[in-house]
Amino acid sequence: MMQVQFFCPRWGSEALSISSFCRKAKEEGYDGIEYGVPITATKETLDEVWNEAAKADLKIIIQHYDTVDAEFSRHYDRYCSWIEKIGPYPAVKINSQTGKDYFSFEQNSMLISAAASCNKQVLHETHRNKFTFAAHTIHAYLRQLPGLRITLDASHWVCVAESYLEDQEEAMELAIVRTDHVHARVGYPEGPQVPDPRAKEWEYALNRHLFWWDKVAERKQQANEILTIAPEFGPFPYMVHSPVTGHPVADQWTLNAYMMNLLKERYR
């Protein structure tokens, strides 16, 4: 039997208190939460998050996202400080948006090395503006750094390449082999998030992403390892809003629950 755990993104639900968010995620059927820890997070805030998650019997994946300094030495120091900050907090793994697309291979490799010193498994999320921004560029990192593991969010790569990556099969195959966490969001060639994956118009986009996720799931099953998935449809500006009313065209929470249940049925 496939072992899968689903994590609810905190992103987009910040209006809820952490206790309400954890209760809602548990009631929806998630196994845990994916929680972004900013550089400025205080011990009091983090203690509350971990306490509320424990009350709801939810696991935590820590997300890093806001080391953004353009000057490398400052960027490196702040990233290392963040790693030190989250050291005391238990987590299934860390999902890190690491480095910059304009840093050199050597600079980004220094950040990857710093992450490897953490007392938890650090996965580097495939994300625009980071060193993982495109399938063809991360391919070099994966070939040269055998210990590098990733969170696969192929929606970003589809957007960057302006294609469904049909011509980048070699890069995708290696990325899938190195994937230990999946962000289940569906992108399209002109954006990182389709308006609604339930709509017939986006069937091909959904099926392309399912094709990649299926390969990750198959590999995890063969290795008898747990697959972690965070359905990660986001709020505005990822979520399309009507220019007339300003209302979102779909409900973010509902889309993520839909994606979780679709994959629960698919991988049960």
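## Helix α6

Ala154, Ser155, His156, Trp157, Val158 and Cys159 are the buried residues of α6. This description rests on a predicted model. Six of the eight residues of α6 are buried, so the rest of the structure largely encloses this helix. The buried residues pack against two helices that flank α6 in number, α5 and α7, and also against α8. Strands β5 and β6 (150-152) belong to the packing partners too.

Cys159 has a relative accessibility of 19% and counts as buried because the cut-off is under 20%. After α6 comes Glu162, with a positive phi near 50 degrees.

## Cysteines

How many disulfides does a search of the whole structure find? The search finds zero. Cys118 shows why a bond is missing at one site: the closest cysteine sulfur, in Cys80, is 11 Å from the sulfur of Cys118, too far for a bond. The cut-off for a disulfide is 2.5 Å between the sulfur atoms. A disulfide is a covalent bond between the sulfur atoms of two cysteines.

Is Cys118 buried or exposed? Cys118 counts as buried, at 11% relative accessibility.

## Strand β8 and its partners

Strand β8 spans residues 227-230 and is covered on both faces. Leu227 and Ile229 are buried on one side. Thr228 and Ala230 are buried on the other.

Strand β1 (residues 4-9) pairs with β8 in the parallel sense, over three bridges. Here Val4 stands opposite Leu227. Strand β7 (residues 179-183) also pairs with β8 in the parallel sense, over two bridges. His183 has Ala230 of β8 as its bridge partner. From β7 the chain runs through helix α8 (residues 203-222) to β8. This β-α-β crossover is right-handed.

## Ser96 in strand β4

Ser96 sits in strand β4 (residues 93-96). Ser96 counts as buried, with 0% relative accessibility. Which side chain makes a polar contact with the side chain of Ser96? The partner is Tyr79, at 2.9 Å.

Tyr79 is also one of the residues in contact with Ser96 once neighbours within four places in sequence are left aside. The others are His64, Val122, Leu123, His124 and Glu125. Strand β5 covers residues 122-125.

## Aromatic pairs

The whole structure holds eleven aromatic pairs. One of them joins Trp11 and Tyr238 in an edge-to-face arrangement. The centres are 4.9 Å apart, with 85 degrees between the planes. Why does this pair tie together separate parts of the chain? Trp11 lies in the loop between β1 and α1 (18-28) and Tyr238 in the loop between β8 and α9 (252-267), so the pair ties together parts 227 residues apart in sequence. Trp11 is partly exposed, with a relative accessible area of 26%. Tyr238 counts as buried, at 17% relative accessibility.

Phe131 and Tyr141 form a tilted pair, because their planes stand at 55 degrees, with ring centres 4.7 Å apart. Phe131 belongs to the loop between β5 and α5 (135-144), while Tyr141 is in helix α5. The two residues are ten residues apart. Both Phe131 and Tyr141 are buried. Elsewhere, ring pairs link Phe72, Tyr76, Tyr102 and Phe103 into a cluster.

## Backbone exceptions

Most residues other than glycine have a negative phi, and most peptide bonds are trans. Some residues here depart from that pattern.

Which peptide bond is cis, with omega near 10 degrees? The bond runs from Phe236 to Pro237. Pro237 is found in the loop between β8 and α9, and Tyr238 of the edge-to-face pair lies in that loop as well.

Asn129 is not a glycine, yet has a positive phi of about 80 degrees. Asn129 is placed in the loop between β5 and α5, the loop that also holds Phe131. At 33% relative accessibility, Asn129 counts as partly exposed.

Leu165 is not a glycine either, and has a positive phi of about 60 degrees. The loop between α6 (154-161) and α7 (169-177) contains Leu165. Is Leu165 buried or exposed? Leu165 counts as buried, at 1% relative accessibility.

Methods. Residues are numbered from 1 along each chain as its sequence is written. This is a predicted model: local features need pLDDT of at least 70, side-chain atom pairs count only at pLDDT 80 or more; totals for chains, interfaces and linings use all residues. Side-chain values use heavy atoms; hydrogens and water are left out. Buried means under 20% relative accessible area, exposed over 50%, partly exposed in between (1.4 Å probe, protein chains only). Helices (H or I, at least four residues) and strands (E, at least two) are DSSP runs, numbered from the N terminus. A polar contact is a pair of N or O atoms within 3.5 Å; within protein, one must be able to donate a hydrogen and the other to accept it, and residues adjacent in sequence count only if both atoms are side-chain atoms. Contact means heavy atoms within 4.5 Å. Two strands pair if DSSP finds at least two bridges between them. A crossover is right-handed if, with the strands pointing away from the viewer, the path from the first strand over the helix to the second runs clockwise. Rings of Phe, Tyr and Trp (its six-membered ring) pair if their centres lie within 6.5 Å; planes under 30 degrees apart count as stacked, over 60 as edge-to-face and the rest as tilted.
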